[in-house]
Amino acid sequence: MLKKILSGETCAKCRLCCVFDRYDIWETPVFTQELCERISAEKPDVRFMPKDGGYILRAEEFDEDQLFRCPALTDTGCMLGDDKPFDCRIWPYRIMNVGGRRAITIASICEEMYARPLSQLTEFLKEGLAATIFAYADSHPEIVKPYYEGYPVLMFEPEE
Ligand code: SF4
């Protein structure tokens, strides 16, 4: 979904957004039931818990570096390929509830995107991505996260 602005090669070298620590564990993606079933078929030990109509990972164990790797992450990338959760397809853009209004923010942990001029980040949203994100969130409100300090707001949802 971001291929025009973020190359697959750049993401393949990084994968930071697929590994979480105790401070950003809330950033794990929201999965559909179908995706949970796909992961469980290959990794039956993975546990999910419901969240507003979707499912999130039950992160019970952190590794020796105090990190939790998404169980869908393999040595060759995400096992879900192009079917990965919507959250992951729009990363590092996020949709959050900012004071009762939905807004698109950006995660600063993605150095590649965060280094871009603000105008480029917002222009890409205006070209259609923002409309896609808000429309998806209409039918999947579970992807809207509470506002988290430090995430710059790029665009508020237009008022009706
Ligand atoms: S579902 Fe795939 S892309 Fe999303 S965090 Fe997990 S491994 Fe990464």
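# Loops, sheet and core in a predicted model

Reader: Where is Gln66 found?
Author: This is a predicted model. Strand S3 spans 54-57, and strand S4 spans 68-69. Gln66 is found in the loop between S3 and S4.

Reader: Is Gln66 buried or exposed?
Author: Gln66 has a positive phi of about 65 degrees, although it is not a glycine. Its C-beta count within 10 Å is 9. The cut-off for this class is 12 or fewer, so Gln66 is exposed.

Reader: Which loop holds Arg15?
Author: Arg15 also shows a positive phi of about 65 degrees without being a glycine. Its 13 C-beta neighbours inside 10 Å make Arg15 partly exposed. Helix H1 covers 8-14 and strand S1 covers 19-20. Arg15 sits in the loop between H1 and S1.

Reader: What does Leu73 touch, not counting residues up to four places away in sequence?
Author: Leu73 lies in strand S5, residues 73-74. Leu73 has 15 other C-beta atoms within 10 Å and is partly exposed. Beyond four places in sequence, the residues touched by Leu73 are Arg15, Cys18 and Cys78.

Reader: How many Å apart in space are Leu73 and Cys11?
Author: In sequence, 62 residues separate Leu73 from Cys11. From C-alpha to C-alpha, the separation in space is 13 Å.

Reader: What classes make up the shell around the ligand?
Author: Leu73 is one of the residues that surround the ligand. The others are Cys18, Pro29, Cys70, Ala72, Cys78, Leu80, Lys84, Pro85 and Cys88. Lys counts as charged, while Ala, Leu, Cys and Pro count as nonpolar. The shell therefore has no polar residues, 1 charged and 9 nonpolar.

Reader: Is Phe31 buried or exposed?
Author: Phe31 lies in the loop between S1 and helix H2 (33-42). Leaving out residues up to four places away in sequence, Phe31 touches Cys36, Phe48, Gly54, Tyr55 and Pro85. There are 26 C-beta neighbours of Phe31 inside 10 Å. With a cut-off of 20 or more, Phe31 counts as buried.

Reader: How many Å apart in space are Phe31 and Tyr151?
Author: Phe31 and Tyr151 are 120 residues apart in sequence. Taken C-alpha to C-alpha, they are separated in space by 22 Å.

Reader: Which residue in the turn of the S2 and S3 hairpin has a positive phi?
Author: Strand S2 (residues 48-51) runs antiparallel to S3, joined by 4 bridges. Lys51 stands opposite Gly54 in S3. The hairpin leaves 2 residues between its strands. The one with a positive phi, of about 50 degrees, is Asp52.

Reader: Which are the edge strands of the open sheet?
Author: The sheet has 4 strands with mixed pairing, in the order S9-S7-S8-S10. An edge strand pairs on one side only. That picks out S9 (145-146) and S10 (153-156).

Reader: What is the bridge partner of Met96 in S9?
Author: Strand S7 covers residues 93-98. S7 and S9 pair in the parallel sense, over 2 bridges. In S9, Met96 is partnered by Lys145.

Reader: Which peptide bond is cis?
Author: Pro92 is placed in the loop between H3 and S7. Omega is near 10 degrees for the bond leading to Pro92. The cis bond runs from Trp91 to Pro92.

Reader: How many residues does each domain bring to the contact?
Author: The assignment gives domain 1 as 15-80 and domain 2 as 89-156. Their C-alpha centres lie 21 Å apart. Domain 1 brings 7 residues to the contact, and domain 2 brings 8.

Reader: What classes are found on the side of domain 1 that touches domain 2?
Author: Domain 1 puts 7 residues into the contact. By class, these are 2 charged, 2 polar and 3 nonpolar.

Reader: Between what does the largest nonpolar core lie?
Author: This core has 19 residues, and Val30, Tyr93, Ile104, Ala130, Ile133 and Met155 touch the most other members. At least two residues each come from S3, helix H3 (86-90), S7, strand S8 (101-106) and helix H5 (118-139). Both domains give residues to the core, so it lies between domain 1 and domain 2.

Reader: What does Val30 touch, not counting residues up to four places away in sequence?
Author: Val30 is among the core residues that touch the most other members. Outside that sequence window, Val30 touches Lys51, Gly54, Tyr55, Ile56, Pro85, Asp87, Glu142 and Ile143.

Note on methods:
Residues numbered from 1 in each chain as written. Predicted model: local features only at pLDDT ≥ 70, side-chain atom pairs only at ≥ 80, totals over all residues. Near = placed C-beta within 6 Å. Pairing = 2+ DSSP bridges. Domains from an automatic or database assignment. Contact = placed C-beta atoms within 7 Å. Core = buried A, V, L, I, M, F, W, Y, C linked by C-beta atoms within 7 Å.
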